[in-house]
Amino acid sequence: MTDRVMIFDTTLRDGEQSPGASMTIAEKLMLAEQLERLRVDVIEAGFPISSDGDFESVRSIAEKVRTLTVAGLARAAKGDIDRCWEALKGAAKPRIHIFLATSDIHLEHKLRKTRDEVLEMAREAVAYARTLCPEVEFSAEDATRSDLAYLSKVAEAVIDAGASVVNIPDTVGYTAPSEYTARVRHLFDHVPNIGKAVVSVHCHDDLGMAVANSLAAVQGGARQVECTVNGIGERAGNASLEEIVMALKTRRDLFGVECGVQTEEIFASSNMVTNLTGVIVQPNKAVVGKNAFAHESGIHQDGVLKAKQTYEIMRPEDVGIKENHLVMGKHSGRHALRQRYEEMGFNLSDAELDKAYVLLKKVADKKKEVYDDDLVIIVRDALHVTPSVYKVKNIQSIAGNQVIATATILLEKDGVLLKDSATGSGPVDAMLKAVDRITGIEGKLIDYTVRAITHGKDAVGEVFMKVNFGKAAFIGKAASLDVVEASARAYVDAVNKSIHYQMALDAHRNR
Ligand SMILES: [Zn+2]
């Protein structure tokens, strides 16, 4: 049997930064399906007791995803575990993931309990969860700052109670590689029943060592690594899935372990996470950054042209990056478009292709050369998962350094046209205010990003925004050759998501 490391993806739980709902349930489902194509071993779908939205997304993912283990998070309390199981029970392979802190700092200041009390809570919670679910993981929160002898005792107790995975997370991003290897080895040497469980690790990147620490733990014997796509997560983020997977693959000679991830799906997964969360990957990011495979210096370029392995340790195609062909123009047909999309890994329905084709014509009218990048943007729009309550029909804005920025927008709702105007500190501000006047829902802009995603001065601009409507925040996004238009559409997208989120919750409550 090959020595295998399980990849536990927590993009949907730890990676989802803001509690509430930055990703809608439909978007989480879409990402879960992509993670299935990526062939991770476990998806942590959410923390069911934390909100109705989280519960509902865990429940839908558990029902839909059949090939992987679906985990839900719970504190070491009966109410949490019951709620978690309620969400997970439809899964083909469910796993309840219980966490409880074991460091003295957390025991004294957060839990206000003694070590013996916490040990008992852990044992009881795991034993109870096992009466519901065949697979239970236990996480000793803040394990890297916990007393080693006590941590070993807790590990022994929870394995005894039926946990088949014991996670020793570096919750605060504090440890360093050599120390972490030693900590994992200590468990193997001092926990008598450790052979009955898989040792797991979960690292945060506060000191920039999350990936290095995770790999060091694998060298110490850990056989599950928890990570997120693009390394997104709390604070400085989690260990990045793509970096861990590619390190294990590229340096198999060193690590000597296998993982089941389909690396060719990495780039598509990274793009999807960027697209859904609005958290953009830095250009020099390992494996998935825009420049990760770009050779700029003359000497390097010369070497790569002569023999790729002179400066390339991984091939872009291994992570699913294809060359950016110049493909489409004004006269390209639907058939060619469908074919190109299939090559890029998108299987569009006829209706989606129709929509993409109309968008392609629009872009090609304004821009002579349409690249793969443009096609990705077009397909994102065509595959848009949130049905629109409000649709943007027309916009007009006036701006300049001597005029008062003014915007007018025409929206459609249930076949009725609604028009309003507003002034603001700039055209985008005026536009968003005009939308608020029509919808009657006031949004608070928390984050706003514009980036050029294609080549040239006539590049398509993509706008991401995070908007707070009352309690929950939503990501709105849109791409256009006109930034004011993209902003208006991104904002309306966020409005639509907030309305749908509310509708989904109401439907859930009435069931
Ligand atoms: Zn974490």
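Let's start with the turn between β12 and β13. These two strands form a hairpin with two residues between them, and Asp414 in that turn has a positive phi of about 45°. Keep in mind that this is a predicted model, so every number I quote is computed from it.

Staying with that hairpin, β13 covers residues 416-424. The pairing of β12 with β13 is antiparallel and runs over nine bridges. If you want a pair to look for on the screen, take Ala405, which stands opposite Gly424 in β13.

On its other side in the sequence, β12 has a second partner. Strand β11, residues 390-398, runs antiparallel to β12, residues 405-413. Eight bridges join the two. Here the pair to find is Ile395 and its bridge partner in β12, Ile409. The connection from β11 to β12 is a hairpin too, through six residues. One general point while we are looking at strands: in a regular strand the side chains alternate between the two faces of the sheet.

Now to the barrel. Eight strands close into it, in the order β1-β2-β3-β4-β5-β6-β7-β8. The pairing in the barrel is parallel, and from one strand to the next the twist averages 25°.

For a single pair in the barrel, take β7 and β8. Strand β7 is residues 198-202 and strand β8 is residues 224-227. They pair in the parallel sense, with three bridges. Val201 is the residue that stands opposite Val225 in β8.

Next, the helices against those strands. Helix α2, residues 52-64, lies across β2, β3 and β4, and its direction is at about 150° to β2. Helix α5, residues 115-132, lies across β4 and β5, running at about 170° to β4. So β4, residues 93-101, has both α2 and α5 lying across it.

Helix α2 also packs on another helix. Which one, and at what angle? The partner is α1, residues 25-38, and the angle is about 35°, with the axes 10 Å apart. The contact is made by Ile25, Lys28, Leu29 and Ala32 on the α1 side. From α2 come Gly53, Glu56, Ser57, Ser60, Ile61 and Lys64. By type, the residues of this contact divide into four nonpolar, three polar and three charged. The crossing of α1 and α2 is right-handed.

One loop residue before I move to the whole chain. Ala176 lies between β6, residues 165-167, and α7, residues 177-190. Is Ala176 buried, exposed or partly exposed? It has 14 C-beta neighbours inside 10 Å, so it counts as partly exposed; buried would take 20 or more. Computed along the sequence, so to speak, Ala176 and Glu108 are 68 residues apart, and in space their C-alpha atoms are 25 Å apart.

Finally, the protein as a whole. Its secondary structure comes to 17 helices and 16 strands. The radius of gyration is 25 Å, close to the 24 Å that the globule rule gives for 511 residues, so the protein is as compact as a globular protein of that length. The C-alpha trace spans about 70 × 65 × 45 Å along its principal axes. Of the 511 residues, 47% are buried. Among contacts with a separation of 6 or more, 67% are between residues 24 or more positions apart.

How values were computed:
Residues are numbered from 1 along each chain as its sequence is written. This is a predicted model: local features need pLDDT of at least 70, side-chain atom pairs count only at pLDDT 80 or more; totals for chains, interfaces and linings use all residues. Two strands pair if DSSP finds at least two bridges between them. Helices (H or I, at least four residues) and strands (E, at least two) are DSSP runs, numbered from the N terminus. Axes are lines fitted to C-alpha atoms, for helices over the stretch in contact, and angles run from 0 to 180 degrees between N-to-C directions. Two residues are in contact if their C-beta atoms, placed from the backbone, lie within 7 Å. A crossing is left-handed if the near helix is turned anticlockwise from the far one by less than a right angle, and right-handed if clockwise. Ala, Val, Leu, Ile, Met, Phe, Trp, Tyr, Cys and Pro count as nonpolar, Asp, Glu, Lys and Arg as charged, and the others, Gly among them, as polar. The radius of gyration is taken over C-alpha atoms; the globule rule is 2.2 Å times the number of residues to the power 0.38. A residue is buried if 20 or more other C-beta atoms lie within 10 Å of its own, exposed if 12 or fewer, and partly exposed in between; C-beta atoms are placed from the backbone.
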